[in-house]
Amino acid sequence: KKEEGMKFKDAVWTREPEKYEITDDRISIVTRPGTDLWQRTYYGFRNDNAPVLQMQTDERYFSFTVKTDFTGSKVRFDQCGVVVYLDSDNWLKASIEYENDRFQRLGSVVTNDGYSDWATTDIDARIKTMWYRLSRRESDYCVECSDDGKTFKQMRICHLKKGNGRITFGIYACSPEQSSFEAVFTDMEITECKWEAHK
């Protein structure tokens, strides 16, 4: 386990949503229409107004795990997940984005110096919960996902140019189009780094 001082209950809002609820073991965020995190690439626009709840740390090796429930997602791009949000031009997020009633996109976005990329795989639209595990090794990061909270599969390994030293990390939820839904986060845990060193 990580030292007792590193607890997600110490998280603070980078941008506070209008409607949310925080208890000892559950956080819910009700999204607002037109909220998103994206910078430039392909779509041309910049959007930097999603609510983000994060904690700050100098710890260079750790893992953060959370379960997301997005049963209410129903409009294209509705999303919630994990985030390392350093500033508007430098961040990492991972989530499932609703597409239609047949499939949705499990993916991640890495933004360095104001340009985002988006790596995805299509999954069944009936999936409404997902665990994520975000791991840090200095300025490199690994994001994994799990449908049961036990067996995790790698989604992405990436580098954040400004991701060395003190960082902020946590959860986010947003609805880029004209939508609103309740995102629910539970089973939050910070542990020793579960992303092994490369041998």
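Guide: A salt bridge is a side-chain nitrogen of Lys or Arg within 4 Å of a carboxyl oxygen of Asp or Glu. The structure is a predicted model, in which local features need pLDDT of at least 70 and side-chain atom pairs count only at pLDDT 80 or more, while totals for chains, interfaces and linings use all residues. Residues are numbered from 1 along each chain as its sequence is written, and side-chain values use heavy atoms, with hydrogens and water left out.

Visitor: How many strands are there in the chain?

Guide: Helices and strands are DSSP runs, of at least four residues (H or I) for a helix and at least two (E) for a strand, numbered from the N terminus. Zero helices are found in the chain, and the number of strands is 16.

Visitor: What radius of gyration does the chain have?

Guide: The globule rule (2.2 Å times the number of residues to the power 0.38, with the radius taken over C-alpha atoms) gives 16 Å for 199 residues. The chain comes close to that value, so it is as compact as a globular protein of that length, with a radius of gyration of 15 Å.

Visitor: What share of the 199 residues in the chain is buried?

Guide: A residue is called buried under 20% relative accessible area, exposed over 50%, and partly exposed in between, using a 1.4 Å probe and protein chains only. By that rule, the buried share of the 199 residues in the chain is 52%.

Visitor: Which residue meets Asp117 in a salt bridge, and is that partner buried or exposed?

Guide: The nitrogen-to-oxygen distance between the two side chains, Asp117 and Arg156, is 2.6 Å. This pair links distant parts of the chain, with Asp117 in strand S11 (residues 115-124) and Arg156 in strand S14, 39 residues apart. Asp117 counts as partly exposed because its relative accessibility is 33%. The partner has a relative accessible area of 14%, and so the residue that is buried is Arg156.

Visitor: Which residue meets Lys162 in a salt bridge?

Guide: The salt bridge of Lys162 spans 3.7 Å from N to O, and its other member is Asp87. The two lie 75 residues apart, Lys162 in the loop between strand S14 (153-159) and strand S15 (167-174), and Asp87 in strand S8 (residues 79-87). Lys162 is partly exposed because its relative accessibility is 46%. With a relative accessible area of 27%, the partner is partly exposed as well, and its name is Asp87.

Visitor: How many residues apart are Arg15 and Asp48?

Guide: The side chains of Arg15 and Asp48 form a salt bridge at 3.5 Å, N to O. Arg15 belongs to strand S1 (residues 12-15) and Asp48 to strand S5 (residues 46-48), so that the pair links distant parts of the chain, and their separation in residues is 33.

Visitor: Which residues is Glu99 in contact with, leaving aside its neighbours within four places in sequence?

Guide: Glu99 is found in the loop between strand S9 (90-98) and strand S10 (103-112). When contact means heavy atoms within 4.5 Å, and those sequence neighbours are set aside, the residues in contact with Glu99 are Arg76, Phe77, Gln104 and Arg105.

Visitor: What is the phi of Asp187?

Guide: Asp187 lies in strand S16 (residues 182-191), and it counts as partly exposed because its relative accessible area is 46%. Asp187 is a residue other than glycine, yet its phi is positive, with a value near 55°.
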